[in-house]
Amino acid sequence: MSFSTLGLSDQLMQAIHASGYTTPTEIQSRAIPIALEGKDLIGRAQTGTGKTAAFVLPMLHYLSSTPRTNRTRALILTPTRELARQVEDSITAFGRFLQLTSLSVYGGVNMNNQIKRLGRGVDIIIATPGRLLDHVKRKTADLSGIEILVLDEADRMLDMGFIHDVRTIISRVPIKRQTMLFSATISEEIKKLAATIQKSPEVVEVGERRAPAEGITQHFYSIPQNKKLNLLFHLLEAKSLDSVLVFSRTKHGADAIARKLAHKGISATAIHSNRSQAQRQRALDGFKQRHHKVLVATDIAARGIDVERISHVINFDVPAFAEDYVHRIGRTGRAEATGDAITFVSPAEQMNVKKIERFISKRFVVERFPGFDYSQETVENFHRGERHEAFSHANRPQKQKENEQNSKYDKVKKKSINRVNKTGHSSEHRDFPNAHNRKNQFRENPAKRINRGRVTTEAQGSDWGALADDAKDFEKGFLKKLFTRDR
Ligand code: AMP
């Protein structure tokens, strides 16, 4: 099939041609005709399948072939800033021969510029839910003219606890509209959401459920936690890896890895939520332009990273959630390219490998890395995750201390639910500047922060802590998802 059979306008065909796309991917060839008819749509497609163009192209076709209004006509909700930027880039590329304006709206950057741009009027808004809701509440964004609504990576948005924000936003959008929902997985929760916001949607499912993109070779290597850095150096030195995305479970781990690599003379940069949007963008651009050979990222920050020809994804930690594994390795082998995914597995992480195997219905062999000297001296014991392993029986007092801290944290979590319930959705909860310092403060006296009416999601070395890694983005949302599910 070629793009010309899909019924897209000449200007869009020209832009597609200029983008270098020749053949539509499966999700594009199946979803575009349905979307062009104005029908509601559920697209089950993983990242890397070309789903962005599957909704951007028909949206641009509709907006450019129907009368303009002086209000925003299309809204795309994404879970992360990076994905919002990526979708905006796609709109700019495909809309280059059209007279449409678009704006991405996300947190972590100054609101005033967004207010000015919104005030001048835009045809398309691409937004993360938290920041958009702030604008809606301040009446600086008007959603009353929306004709097309897209939820991109809806499963992720729900995972991040944005469901209430998403529902509030949708309640401000006219009922008469076209709604397209894209998600890598269609859970019961997604079905429930779709049932309340869509009308008789057509469902397009591509690829095998939960399967990572084809063309990705997956390797699992056993390695003690404190030798992971040695193995990373070994890999980067021995193999000709030119564009490597390394995943770390924590922000501090990401920084430390990038720093150690840089000391070793390997150009590396890190991307995570403690960095400002400008720093994140600079890191991403530097990696895209091949100034850095290695980009070290946390799971949340990596959402939406779209870099062509990432040759290798290295999981420095095994993700605690199997779904994250699929998302991580989907960063390589994009759009039918090939790539390698390498996962470092410490003895304590074997259980997580089992979870991944069950999730994607595939068995892996966890083997020793051939040619690597396992007896060599440890580079440095730096990673937060290592603390877990360092808690051996011989070190019981320290472990007990950690357990106490965790149970203290559990109590704080419970208190924080009440706080969320009481204080509702105030943007104060999202305001989490200087997270690093606050974390230390929290360690000393967790209750202090709660007393000041803030919800915390910082916890050390646990799955909880890893999930809450991007505290800025889903501090409030994540707690709400876990603890206010029945509200
Ligand atoms: P997405 O799943 O939308 O994030 O797209 C993944 C990658 O595939 C991006 O780099 C797109 O530019 C690329 N892509 C999407 N559609 C096509 C196509 N029809 N032909 C070639 N590359 C594509």
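Here is a chat about a predicted model, taking in a sheet, some helices and a few loop residues.

Visitor: Let's start with the sheet. In what order do the seven strands of the open sheet come?

Guide: The order is β10-β11-β9-β12-β13-β8-β14, and the pairing is parallel. Keep in mind that this is a predicted model.

Visitor: Which are the edge strands?

Guide: They are β10 (268-271) and β14 (366-368), each of which pairs on one side only.

Visitor: And what does the twist average from one strand to the next?

Guide: The twist averages 25 degrees.

Visitor: Back to β14. How many bridges join β8 to it?

Guide: Three bridges link β8, residues 216-222, to β14, and these two strands run parallel. One pair to look at is Ser222, whose bridge partner in β14 is Arg368.

Visitor: What about the other edge? Which strands does α12 lie across?

Guide: α12 lies across β10 and β11, and runs at about 140 degrees to β10. If you follow the chain on from α12 (277-288), you get a loop that leads to β11 (294-297), and Arg290 sits in that loop.

Visitor: What's the phi of Arg290?

Guide: Near 65 degrees, so to speak a positive value in a residue other than glycine. Most residues other than glycine have a negative phi.

Visitor: Is Arg290 buried or exposed, and why?

Guide: Arg290 counts as exposed because it has 12 C-beta neighbours inside 10 Å, and the cut-off for exposed is 12 or fewer.

Visitor: Where is Lys139, and what is its phi near?

Guide: Lys139 is in the loop between α6 (129-137) and β5 (148-151). Its phi is near 60 degrees, again positive in a residue other than glycine. Lys139 counts as exposed, with 7 C-beta neighbours inside 10 Å.

Visitor: Since you mention α6, at what angle do α6 and α8 pack?

Guide: About 40 degrees, with the axes of α6 and α8 (residues 163-171) 9 Å apart. The two helices are therefore oblique to each other, and α6 passes α8 in a left-handed crossing.

Visitor: Which residues make the contact?

Guide: From α6 you have Pro129, Gly130, Leu132, Leu133 and Val136. From α8 there are Asp165, Val166, Thr168 and Ile169.

Visitor: New topic: which residues of α2 are buried?

Guide: In α2, residues 26-36, the buried ones are Ile27, Gln28, Ala31, Ile32 and Ala35. Seen down the helix axis, they fall within an arc of 110 degrees, so they line one face of α2. As background, an α-helix has 3.6 residues a turn, so residues three or four places apart point the same way.

Visitor: What do those buried residues pack against?

Guide: The buried residues of α2 pack against β1 (41-44), α3 (51-65), β6 (178-183) and β7 (202-205).

Visitor: And what phi does Gly38 take, just after α2?

Guide: Gly38 takes a positive phi of about 85 degrees.

Visitor: Last one, Asp123. Where is it found, and is it buried or exposed?

Guide: Asp123 is found in the loop between α5 (111-120) and β4 (124-127). Asp123 is buried, because 23 other C-beta atoms lie within 10 Å, where 20 or more is the cut-off.

Visitor: Which residues is Asp123 in contact with, leaving aside neighbours within four places in sequence?

Guide: Asp123 is in contact with Leu63, Thr72, Arg73, Ala74, Leu100, Thr101 and Ser102. The C-alpha atoms of Asp123 and Leu103 are separated by 8.3 Å, with the two residues 20 apart along the chain.

Definitions and conventions
Residues are numbered from 1 along each chain as its sequence is written. This is a predicted model: local features need pLDDT of at least 70, side-chain atom pairs count only at pLDDT 80 or more; totals for chains, interfaces and linings use all residues. Helices (H or I, at least four residues) and strands (E, at least two) are DSSP runs, numbered from the N terminus. Two strands pair if DSSP finds at least two bridges between them. Axes are lines fitted to C-alpha atoms, for helices over the stretch in contact, and angles run from 0 to 180 degrees between N-to-C directions. Two residues are in contact if their C-beta atoms, placed from the backbone, lie within 7 Å. The arc is that of the directions from the helix axis to the C-beta atoms. Angles under 35 degrees count as roughly parallel, over 145 as roughly antiparallel, 65 to 115 as roughly perpendicular and the rest as oblique. A crossing is left-handed if the near helix is turned anticlockwise from the far one by less than a right angle, and right-handed if clockwise.
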